[in-house]
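Student: Got a minute to go through a structure with me? I'd like to poke around and ask whatever comes up.
Tutor: Sure, put it up and fire away.

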Amino acid sequence: MLGWGIAGYGWVARDYAAPAMLAAGHRVQAVCDIGAAARDAARARLDPPGGVHEGLATLLGDPAVQAIYVATPNHLHRAAVEAAAAAGKAVLCEKPMAATLADAEAMAHCVARAGILYGTAFDQRHHPAHEAMREAIAQGLIGTPTAIRIAYACWLDAQWSVTGEGDNWRADPARAGGGALMDLAPHGLDLAQFLLDETLEQVAAFTQRRVQRYAVDDGAVLIGRTTGGTLLQMHVAYNCPDGLPRRRLEILGSAGQLLAEDTMGQDPGGTVLHLDERGRARRLAVPDAEASPFARQMTAFGQAMRDGGAGFSATRDLHTMRLLHQAYEGAGACR
């Protein structure tokens with residue numbers, strides 16, 4: 001039973017990651033958060049045997065904590081990962097890897113030097129639908145993949161809050177490192193590479209601040225190309241009402257197409273269609289379709305700790321962070 005420490009008990013940790021750890025048969029050993037309300041919530045929901053703390057040091061000193069899940073605001077990722085590495089703890093860090101490329105580079109160097117298992121929490125590669133799509137592509141169901149199109153959007157205004165803390169750090173460039181592009185595009189960048197088993201080698205982006213009143217981008221369009229020549233087109237946004245269709249994933253090939261609706265996100269489910277070369281559609285079979293991508297990710301991380309790290313890679317995640325930096329630099333965006 002893997003003992004987890006959670007650094008940062010916001011809504012993703014509270015509603016998705018912690019329940020996923022338990023569903024995977026693991027234990028939440030201890031939690032830390034600088035916010036009193038978050039600490040109270042952790043005590044009420046989890047009552048972890050190792051306690052709830054304000055700082056990270058006590059949590060890292062607990063020998064029953066074997067792995068750390070870092071879910072702090074982006075600008076605090078580096079310090080938490082470096083401290084965990086120094087304590088010899090494995091790390092699963094929320095995306096993006098860091099608020100800046102310099103921090104991400106330092107993190108990758110640190111975990112390599114410490115020899116710990118590190119992974120960025122790209123839960124989308126653990127979604128049952130996406131794993132089924134990857135297998136279908138590998139088996140040649142749509143012929144040669146030619147393009148991926150992704151729409152991944154939501155509504156996030158300056159006052160947005162799930163837990164009621166009233167502090168939307170994602171709209172603060174100093175803490176988030178960017179806006180919709182920084183927050184949402186990493187999932188698409190990683191997922192495209194996972195689905196195709198190809199590396200993205202080049203990206204470019206346009207960003208906008210069109211609707212929301214804050215200093216980060218509230219929308220972006222990104223294009224890219226893999227080493228094999230597959231094209232990527234992705235639209236991410238903080239300015240799309242949640243009631244509208246806003247999550248769509250398409251993979252086009254020389255002999256067909258895969259179309260997924262509402263698979264991108266924290267929850268299982270959604271639908272996947274296979275369209276053949278004549279446009280005839282049928283549902284794609286998705287094994288274990290209602291399994292939580294977060295729970296599958298936690299199970300995979302525990303397996304990687306036992307098997308030597310298969311499936312998780314700081315080097316791969318650093319490449320994705322470099323792509324994100326390249327996109328922002330080319331857009332000339334305010335970050």
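Student: How many disulfides does a search of the whole structure find?
Tutor: It's a predicted model, to be clear, and the search finds 0 disulfides.

Student: What about C110, how far away is the nearest cysteine sulfur?
Tutor: The nearest one belongs to C93 and is 12 Å away, and C110 is in no disulfide.

Student: And C154, which cysteine has the nearest sulfur there?
Tutor: That would be C240, with its sulfur 8.2 Å away. The cut-off for a disulfide is 2.5 Å between the sulfurs, so C154 is not in one.

Student: Is C110 buried or exposed?
Tutor: C110 is buried, because its relative accessible area is 7%, and buried means under 20%. C154 also counts as buried, at 17% relative accessibility.

Student: OK, zooming out. How many helices and strands does the protein chain have?
Tutor: There are 10 helices and 14 strands.

Student: What does the radius of gyration say about the overall shape?
Tutor: A compact globule with 335 residues would have a radius of gyration near 20 Å, and the protein chain has 19 Å, so the two agree. The C-alpha atoms fill a box of roughly 60 × 45 × 40 Å along the principal axes. Buried residues make up 54% of the 335 residues.

Student: What share of the contacts join residues at least 24 apart?
Tutor: Among contacts between residues at least 6 apart in sequence, 68% do.

Student: Now the sheet with 8 strands. In what order do they come?
Tutor: The order is 8-9-10-7-11-12-13-14, in an open sheet with mixed pairing. Strand 8 (200-208) and strand 14 (281-283) are the edge strands, each pairing on one side only. From one strand to the next, the twist averages 15°.

Student: Which helix packs on that sheet?
Tutor: Helix 8 (residues 180-196) does, touching strands 7, 8, 9, 10 and 11. Its direction makes about 150° with that of strand 10 (231-237).

Student: In which sense do strand 7 and strand 11 pair?
Tutor: Strand 7 (residues 145-153) and strand 11 (residues 247-253) are antiparallel, over 7 bridges. Within that pair, Y152 has R247 as its bridge partner.

Student: Switching to strand 4. Which way do its residues point?
Tutor: In strand 4 (residues 67-70), A67 and Y69 point one way while I68 and V70 point the other, and all are buried. In a regular strand the side chains alternate between the two faces of the sheet.

Student: Which residue stands opposite I68?
Tutor: G5 does. Strand 1 (residues 3-7) pairs with strand 4 in the parallel sense, over 4 bridges.

Student: And what joins strand 4 to strand 5?
Tutor: Those two run parallel as well, joined by 4 bridges, and V70 stands opposite C93. Strand 4, helix 4 (residues 77-86) and strand 5 make a right-handed β-α-β unit.

Student: Last topic, backbone oddities. Where is the cis peptide bond?
Tutor: It joins K95 and P96, with omega about -10°. P96 is found in the loop between strand 5 and helix 5 (101-114).

Student: What is phi of D262 near?
Tutor: Near 60°, a positive value in a residue other than glycine. Most residues other than glycine have a negative phi, and most peptide bonds are trans. D262 lies in the loop between strand 12 and strand 13, and is partly exposed at 49% relative accessible area.

Student: Where is D288, then?
Tutor: D288 is in the loop between strand 14 and helix 9 (293-307). Its phi is near 55°, again a positive value.

Conventions. Residues are numbered from 1 along each chain as its sequence is written. This is a predicted model: local features need pLDDT of at least 70, side-chain atom pairs count only at pLDDT 80 or more; totals for chains, interfaces and linings use all residues. Side-chain values use heavy atoms; hydrogens and water are left out. Two strands pair if DSSP finds at least two bridges between them. Axes are lines fitted to C-alpha atoms, for helices over the stretch in contact, and angles run from 0 to 180 degrees between N-to-C directions. Contact means heavy atoms within 4.5 Å. Buried means under 20% relative accessible area, exposed over 50%, partly exposed in between (1.4 Å probe, protein chains only). A crossover is right-handed if, with the strands pointing away from the viewer, the path from the first strand over the helix to the second runs clockwise. The radius of gyration is taken over C-alpha atoms; the globule rule is 2.2 Å times the number of residues to the power 0.38.
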